[in-house]
Amino acid sequence: MPKLSIIVPVYNCEKHLERCIGSVLKQDFKDYELLLVDDGSTDNSGKIANDYADDNQQIRVIHQANQGVSNARNTGLLEASGEYVMFADADDYLLPAVSDVLENEQLSDLTCLSFEVGKNLKKITGDHRYQGDTSEDAKVMMLENPTQYMTVWSKIFKREIIEQHKLRFNTSLRVAEDGDFMLRYLLNIDSIQFLMQLGYHYSNDVKSVMSTFDHKNKDYLNALMASQRSLGKISSRMQKSFAVYVLMHLNIMMVHETFASANPLKYSERINELKQILKEPIFEESLTAIKVSDCHGARMLPIIFLKMHAYRLASILFILRAKQNEGQVNE
């Protein structure tokens, strides 16, 4: 049984796949297996994966019909035998610090590595361990900052916990499947650590499903409702944090969908769309749960305006953020 299973969904990524695989092979830490799940690729991705597996016994390739990233990750979990699990996307890559962490750190139920985005942005998670009662502090921070903490990449999971609680990615979700899986994992763990080491490179030179306008508001709503159903009995503090998690996804919906420049709707129609979305119970409940005094930082400013029914002021912020995001494409 290897210490670590690294699961990489592979779909039409021939341009980047060798870089991803190479980043694993270059690690000083060698007690791993690399599971490449070819999800019905129609380019040379499957062949590239096979060629690497032929030369390295630590690499296994699983070919399946195209069923989506969640299904591919689930296939990887079924095949994994490691004590711990990491997920990586084929257009991203691991950084050398992963080896240092695996060789020298006492891993928690969840270990979160710092990561970099494109050429210029580094997201440093800090250096802190949370255990037992204090683990809720970490969970609250993660829920309230989903774009930084609620992705499955740049993290090391304990496979025993995944299997014990039968955790799998929800294959019915088109977006936010990472956050949904992370939430259910967080509800079942007692220890979390954040490390300064940069262990993962997230490449934003490839347009993701999340960042591309494609009429996904209903998909986000479905994902949030699915996550809400999985909450069970949680503390009032966690309930409030989940409300922030929902509202941060509302921000994402507005920036990447409703007020994205690619949206063909007229401005007045976009405002009406915003108002209709806010009538959904999960958003109404979340806005009610958060007081203005709870709203800190620029990311919460649109929420303040929405609570005041100042929809046009909120829309200006969404439009500005959309333009900013659309101009950020780096290797």
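**Aromatic pairs, nonpolar cores and a cavity**

Arg73 sits over the face of Phe169, 5.2 Å from the ring centre. The model is predicted. Phe169 also belongs to a cluster of rings. Ring pairs join it there with Phe87, Phe157, Phe181 and Tyr185.

Across the whole structure, the search returns 13 aromatic pairs. One of them is formed by Phe115 and Trp153. Their centres lie 5.0 Å apart, and the planes stand at 90 degrees. The geometry is edge-to-face. This pair links distant parts of the chain. Phe115 is in strand E6 (residues 110-117). Trp153 is in the loop between helix H6 (146-149) and strand E9 (155-158). The two residues are 38 apart in sequence. Both Phe115 and Trp153 are buried.

Trp153 takes part in another pair, with Tyr200. Here the ring centres are 5.1 Å apart and the planes are at 10 degrees; planes under 30 degrees apart count as stacked, so the Trp153 and Tyr200 pair is stacked. Tyr200 belongs to strand E10 (residues 191-202), whereas Trp153 lies in the loop between H6 and E9, so the pair ties together parts that are 47 residues apart in sequence. Tyr200, like Trp153, is buried.

The nonpolar interior was examined next. The largest nonpolar core holds 75 residues. Within this core, Leu110, Met142, Phe157 and Leu306 touch the most other members. Helix H10 (residues 236-258) gives the most to the core, with 13 residues. Phe157 also appears in the ring cluster described above. For Met142, contacts were listed without neighbours within four places in sequence. Met142 is then in contact with Leu110, Cys112, Tyr149, Met150, Lys155, Met182, Leu186, Ile192 and Phe194. A second, separate core has 32 residues. Its members include Ile21, Val24, Leu113 and Phe115. Phe115 is the residue that pairs edge-to-face with Trp153.

The search for cavities gave one of 30 Å³ or more. The largest cavity has a volume of about 50 Å³. Its lining consists of Leu4, Ile6, Val24, Gln27, Phe29, Tyr32, Leu94, Val98, Ser99 and Leu102. Strand E1 (4-10) and helix H4 (97-104) each supply at least two of the lining residues. H4 provides the largest share, three residues. Val24 lines this cavity and is also a member of the second core.

Notes: Residues numbered from 1 in each chain as written. Predicted model: local features only at pLDDT ≥ 70, side-chain atom pairs only at ≥ 80, totals over all residues. Heavy atoms only, no water. Phe/Tyr/Trp six-rings, centres within 6.5 Å; stacked < 30°, edge-to-face > 60°. Helix = DSSP H or I, 4+ residues; strand = E, 2+ residues; numbered from the N terminus. Buried < 20%, exposed > 50% of the residue type's maximum accessible area, 1.4 Å probe, protein only. Lys NZ or Arg CZ within 6 Å of the ring centre and 35° of its normal. Core = buried A, V, L, I, M, F, W, Y, C linked by side-chain atoms within 4.5 Å. Contact = heavy atoms within 4.5 Å. 1 Å grid on protein atoms, 1.4 Å probe; cavity = no way out; pocket = protein on both sides within 12 Å on 5 of 7 lines; lining within 4 Å. Points joined across faces, edges and corners; volume = space filled by probe spheres on them.
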